[in-house]
Amino acid sequence: MTTTGLTLDQLIEDWNSKFDHMEEVFMPDKHGNEKPRLPFNQYIVEWGYHPLYENALRNPGEIMAKMAKKNGKSFRAVYKIPSLSGAEFSASVTCGATMHCTIDAPYEVKMPTPWMDRNDDAPLGEQTDEDLMVLLAKLIAYAKEY
């Protein structure tokens, strides 16, 4: 037991359940027909549960599936933004307790960021709604120039 009166498993379950409401954002109609309630959703081409969690639902007996279920629901949306040259820029937005997310900043974003001085392609974790909107707007603006 901890000082809160909860076991470690109960604390983990409590933390993971804090992201359950994000299902309403990423899967508003639960059937995958309605696009997520994310900014610039006209560019979203794929959405739903994160592939690891989706695999856990399909293969419940596997070890990784048990771990994914214990870690709670996770979600993903993929953006494809056409550029002026005809190429596409991709961005992936994920959310879940095992991602680089917090309750107040629930998004992890993986996308090209040519306007930023970054030497790696690591995801940008702990992004708020406003951060996500600004990042996507910058990518869209960049795509329209190139």
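Leu6 sits in the in-between class, partly exposed, with a relative accessible area of 30%. This value comes from a predicted model, as does everything else described here. Along the chain, Leu6 falls in the segment that precedes helix α1 (8-17). Together with Leu8 and Leu11, Leu6 makes up a nonpolar patch on the surface, and the patch covers about 240 Å².

Stepping back to the whole fold, the protein chain has five helices and five strands. Their order along the sequence reads α-α-β-α-α-β-β-β-β-α. The C-alpha atoms fit in a box of roughly 55 × 35 × 25 Å when the principal axes are used. As for burial, 36% of the 146 residues in the protein chain count as buried.

Much of the strand story runs through β3, which spans residues 88-96. Seven of the nine residues in β3 are buried, so the strand is mostly covered, with buried here meaning under 20% relative accessible area. On one side of the pairing scheme comes β2 (residues 74-82), which joins β3 in the antiparallel sense over nine bridges. Within this pairing, Phe75 has Cys95 of β3 as its bridge partner. The two strands β2 and β3 form a hairpin, and five residues lie between them. One residue to look at in that turn is Gly86, whose phi is positive at about 100°.

The other pairing of interest links β3 to β4 (residues 107-110), again antiparallel, this time over three bridges. Here Thr94 stands opposite Glu108 of β4. As background for reading such pairings, side chains in a regular strand alternate between the two faces of the sheet.

That leaves Glu108 itself, a residue of strand β4. What does a buried Glu108 have around it in terms of opposite charge? Glu108 has no salt bridge, and the nearest side chain of opposite charge belongs to Lys110, 8.1 Å away. A salt bridge would need a side-chain nitrogen of Lys or Arg within 4 Å of a carboxyl oxygen, so Lys110 does not qualify. The side chain of Glu108 does have a polar atom 2.8 Å from the backbone nitrogen of His100. Taken together, Glu108 is buried without a salt bridge, stands opposite Thr94, and has the backbone nitrogen of His100 at 2.8 Å from a polar side-chain atom.

Note on methods. Residues are numbered from 1 along each chain as its sequence is written. This is a predicted model: local features need pLDDT of at least 70, side-chain atom pairs count only at pLDDT 80 or more; totals for chains, interfaces and linings use all residues. Side-chain values use heavy atoms; hydrogens and water are left out. Patches are made of residues with over 30% relative accessible area and no salt bridge: like charges are joined within 9 Å, nonpolar side chains (Val, Leu, Ile, Met, Phe, Trp, Tyr) within 5 Å. Accessible areas come from the Shrake-Rupley method with a 1.4 Å probe; for residues, only the protein chains shown count as cover. Helices (H or I, at least four residues) and strands (E, at least two) are DSSP runs, numbered from the N terminus. Buried means under 20% relative accessible area, exposed over 50%, partly exposed in between (1.4 Å probe, protein chains only). Two strands pair if DSSP finds at least two bridges between them. Lys and Arg count as positive and Asp and Glu as negative; His and the chain ends are not counted. A polar contact is a pair of N or O atoms within 3.5 Å; within protein, one must be able to donate a hydrogen and the other to accept it, and residues adjacent in sequence count only if both atoms are side-chain atoms.
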